[in-house]
Amino acid sequence: MSDFEARLRAVSLRVTRPRLAVLAALREHPHVDTETVIALVRAELPTVSHQAVYDVLKALTETGLVRRIQPAGALARYETRVGDNHHHVVCRSCGAIADVDCAVGHAPCLTASGDHGFVIDEAEVVYWGTCPGCAAEPIQR
Ligand SMILES: [Zn+2]
Ligand SMILES: [Zn+2]
């Protein structure tokens, strides 16, 4: 049994080829948007409909197997790296996204200085900047 089959079973989702294809696509290409997931899955399974991929992404996100991130002003992106509350750095110029780990091996950002009585389970931190590729380009005007 593959790792992804085990993960699907662990959340009581049936193991289907489209679900495995979406998980595999996101492992190979983290932080891609919905249209890219569809293109990647259809390269493997040409008969899978757009709607089927939307449904798979919804089921995988709801069960926590896939994390959905949506930087302000950007399309929703998906990844299979879940459960560690890692953060993201986003290029303002080209939209490239990379993972940023919490600095000290746990998630200190979950300990808010004032939680107003809320039970906090996630901190969404997005660092914005310029990726190395864009920083190296001469500015186009
Ligand atoms: Zn860039
Ligand atoms: Zn990530």
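How many Å separate the centres of domain 1 and domain 2, taken over C-alpha atoms? I got 24 Å. This is a predicted model, so I keep that in mind for every entry below.

**Domains.** I looked up the bounds next. The domain assignment puts domain 1 at 3–69 and domain 2 at 83–136.

**Zinc, ligand 1.** I started with the cysteine site. Cys91, Cys94, Cys131 and Cys134 each give an SG atom to the zinc ion (ligand 1), and the distances run from 2.2 to 2.3 Å. I checked the geometry: the four donor atoms make angles of 105 to 112°, and the site is tetrahedral. Along the chain I read the donor spacing as C-x2-C-x36-C-x2-C. The pair Cys94 and Cys134 ties together parts 40 residues apart in sequence, because Cys94 sits in the loop between β4 (87–91) and β5 (97–100) while Cys134 belongs to helix α5 (residues 132–136).

I also wanted to know how Cys94 and Cys134 sit relative to the surface. Cys94 comes out partly exposed at 46% relative accessibility. Cys134 has 18%, which is under the 20% cut-off, so I put Cys134 down as buried.

**Zinc, ligand 2.** Which residues coordinate the other ion, the zinc ion (ligand 2)? I found His31, His86 and His88, each through NE2, plus Asp99 through OD. Glu79 is listed twice, with OE both times. The distances span 1.9 to 2.8 Å. The spacing I noted is H-x47-E-x6-H-x1-H-x10-D.

Here the pair His31 and Glu79 links distant parts of the chain, 48 residues apart. I placed His31 in the loop between α2 (17–28) and β1 (32–33), and Glu79 in strand β3 (residues 77–79).

Why is the arrangement around the zinc ion (ligand 2) irregular? The six donor atoms subtend angles of 51 to 169°. An octahedral call needs opposite donors over 155 degrees apart and all others between 65 and 115, so I see why the 51° end rules that label out.

Are His31 and Glu79 buried or exposed? I have His31 as buried, with a relative accessible area of 7%. Glu79 is buried too, at 0% relative accessibility.

**Helix pair.** Last entry: α3 against α4. Helix α3 (residues 34–44) packs on helix α4 (residues 50–62) at about 115°, and their axes are 10 Å apart. That angle makes α3 roughly perpendicular to α4. For the handedness I wrote down a right-handed crossing of α3 past α4.

Key. Residues numbered from 1 in each chain as written. Chains lettered and ligands numbered in written order. Predicted model: local features only at pLDDT ≥ 70, side-chain atom pairs only at ≥ 80, totals over all residues. Heavy atoms only, no water. Donors = N, O, S within 2.8 Å, 3.2 Å for Na, K, Ca; no water. Tetrahedral: all angles 85-135°; square planar, octahedral: opposite > 155°, others 65-115°. Helix = DSSP H or I, 4+ residues; strand = E, 2+ residues; numbered from the N terminus. Buried < 20%, exposed > 50% of the residue type's maximum accessible area, 1.4 Å probe, protein only. Domains from an automatic or database assignment. Axes fitted to C-alpha atoms, helices over the stretch in contact; angles between N-to-C directions. Parallel < 35°, antiparallel > 145°, perpendicular 65-115°, else oblique. Left-handed = near helix turned anticlockwise from the far one by under 90°.
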